[in-house]
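Student: I have this one open on my screen and would like to go through how the helices pack. Could you take me through it, starting with whatever I need in order to read the angles?

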Amino acid sequence: MEDTIDLTDPRSALDLSNIRYQLIRLEDTIIFHLIERVQFPLNPTVYIAGAITIPNFCGSFLDYFLTQQERIHALVRRYQAPDEYAFFPELIPSPILAPLKYPQLLHPNTVNFNDELKAAYIKHILPAACKPQVADRGEQYENYGSTAVNDVACLQALSRRIHFGKFVAEAKFLAETEKFTDLIQRRDIKGIMREITNEAVEKQVLRRLELKARTYGTDPGDNSKDPKIKINVSAVVAMYRDYVIPMTKEVEVEYLLQRLTSPTPEAVTKNSHWFLSALETVLSFIS
Ligand SMILES: O=C(O)C(=O)C[C@]1(C(=O)O)C=C[C@@H](O)C=C1
């Protein structure tokens, strides 16, 4: 097993034990970001379109922050990577850095579950994880900026996690191509879901997550009998059980349903970003 997955090497990127190791690493990232986020109250104002006045923008404060951050990250090639998916893909600019040449690891596809993820994060995950808030007392007390900064970190890590489902699905497809081809051709969604599900692995994920949330949430210097835990451990487990694992599986199924079809122009754009960027660079030299 490699320490980090190498997305420029198909043998590394499509090895199921490497992919699972990456998913385990992402658990750490997600838990630490969530611990940072729940220092602040829920602050529902941050998620309501128009609740905070923003010049030339009519969405929520979180969406404003996400669009701005995605724009700058896109400029340095973040969304060319096959494991990165933007929440506002239609708003991101082309990179200023020369394109990287990723091998074609995944079948071209249009799968992006970020809207569903963001909705679940705001409606279910955060309310369960944040401390109860008596009332939203306004920006000077509630740190709207810090709230949004931490939300973006949580959402981007969660997005990476669920979209790794594409690599899992591709690895499973390559291991049992005949069986999956038959299920896909018959559009047997229940059958595909059954084949990609490994209940033992899911139980292991949830057990490990509970231990990690408890461990990372406790100050090692706190020697009291009843140490304070910085995160609601059962909310972390519920987040995975009810949203993260189910969405990863939906990503897997949706990806497999597109696995045999010829790519749509939209899918080609995400998968051959580097080619289009290279073309843009060449054209900018010519003009
Ligand atoms: O590890 C796998 O095989 C996956 O498909 C990932 C995952 C998960 O989200 O953790 C999802 C479905 C399986 O039932 C087990 C685990």
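Tutor: Axes here are lines fitted to C-alpha atoms, for helices over the stretch in contact, and the angles run from 0 to 180 degrees between N-to-C directions. Please keep in mind that this is a predicted model. With that in hand, helix α8, residues 177–185, and helix α9, residues 189–196, have axes that come within 8 Å and cross at roughly 150°.

Student: So how is α8 oriented to α9, roughly parallel or roughly antiparallel?

Tutor: Angles over 145 degrees count as roughly antiparallel, and that makes α8 roughly antiparallel to α9. As for handedness, α8 passes α9 in a left-handed crossing.

Student: Which residues in α8 and α9 meet there?

Tutor: From α8 the participants are Lys179, Phe180, Leu183 and Ile184, and they meet Gly191, Ile192 and Glu195 of α9. Sorted by class, the residues of this contact between α8 and α9 comprise 4 nonpolar, 1 polar and 2 charged.

Student: What about α9 and α11, at what angle do their axes cross?

Tutor: The axes of α9 and α11 cross at roughly 125° and come within 10 Å, which makes α9 oblique to α11. The crossing of α9 past α11 is right-handed.

Student: And which residues of α9 and α11 meet?

Tutor: In α9 they are Ile189, Ile192, Met193 and Ile196, and in α11 their counterparts are Lys249, Glu252, Val253 and Leu256. That contact of α9 with α11 has 6 nonpolar residues, no polar ones and 2 charged ones.

Student: Let me jump to α4 and α6. How do their axes cross?

Tutor: Helix α4 covers residues 114–129 and helix α6 covers residues 144–163, and their axes come within 10 Å, crossing at roughly 130°. The two helices, α4 and α6, are therefore oblique to each other, and α4 passes α6 in a right-handed crossing. Asn114, Leu117, Lys118 and Tyr121 on the α4 side meet Leu155, Leu158, Ser159 and Ile162 on the α6 side, a set that divides into 5 nonpolar, 2 polar and 1 charged.

Student: Changing topic, which residues come nearest to the ligand?

Tutor: There are 13 residues around the ligand, and Thr197, Asn198, Val201, Ile245 and Thr248 come nearest.

Student: Which helices supply that shell around the ligand?

Tutor: At least two residues each come from α2 (16–37), α10 (199–216) and α11 (233–257), and α11 gives the most, with 4 residues. By class, the shell around the ligand holds 6 nonpolar, 3 polar and 4 charged residues.

Student: I was also looking at Arg208. Where is it found, and how does it count for exposure?

Tutor: Arg208 is found in helix α10, and because it has 13 C-beta neighbours inside 10 Å, Arg208 counts as partly exposed. Its C-alpha atom is separated by 9.0 Å from that of Ile24, although Arg208 and Ile24 are 184 residues apart along the chain.

Student: And the chain overall, how many helices and strands does it have?

Tutor: The chain has 13 helices and 0 strands. Of its 287 residues, 32% count as buried. Among contacts in the chain with a separation of 6 or more, 71% are accounted for by residues 24 or more positions apart.

How values were computed. Residues numbered from 1 in each chain as written. Predicted model: local features only at pLDDT ≥ 70, side-chain atom pairs only at ≥ 80, totals over all residues. Parallel < 35°, antiparallel > 145°, perpendicular 65-115°, else oblique. Left-handed = near helix turned anticlockwise from the far one by under 90°. Contact = placed C-beta atoms within 7 Å. Nonpolar A, V, L, I, M, F, W, Y, C, P; charged D, E, K, R; others polar. Near = placed C-beta within 6 Å. Buried ≥ 20, exposed ≤ 12 C-beta atoms within 10 Å, placed from the backbone.
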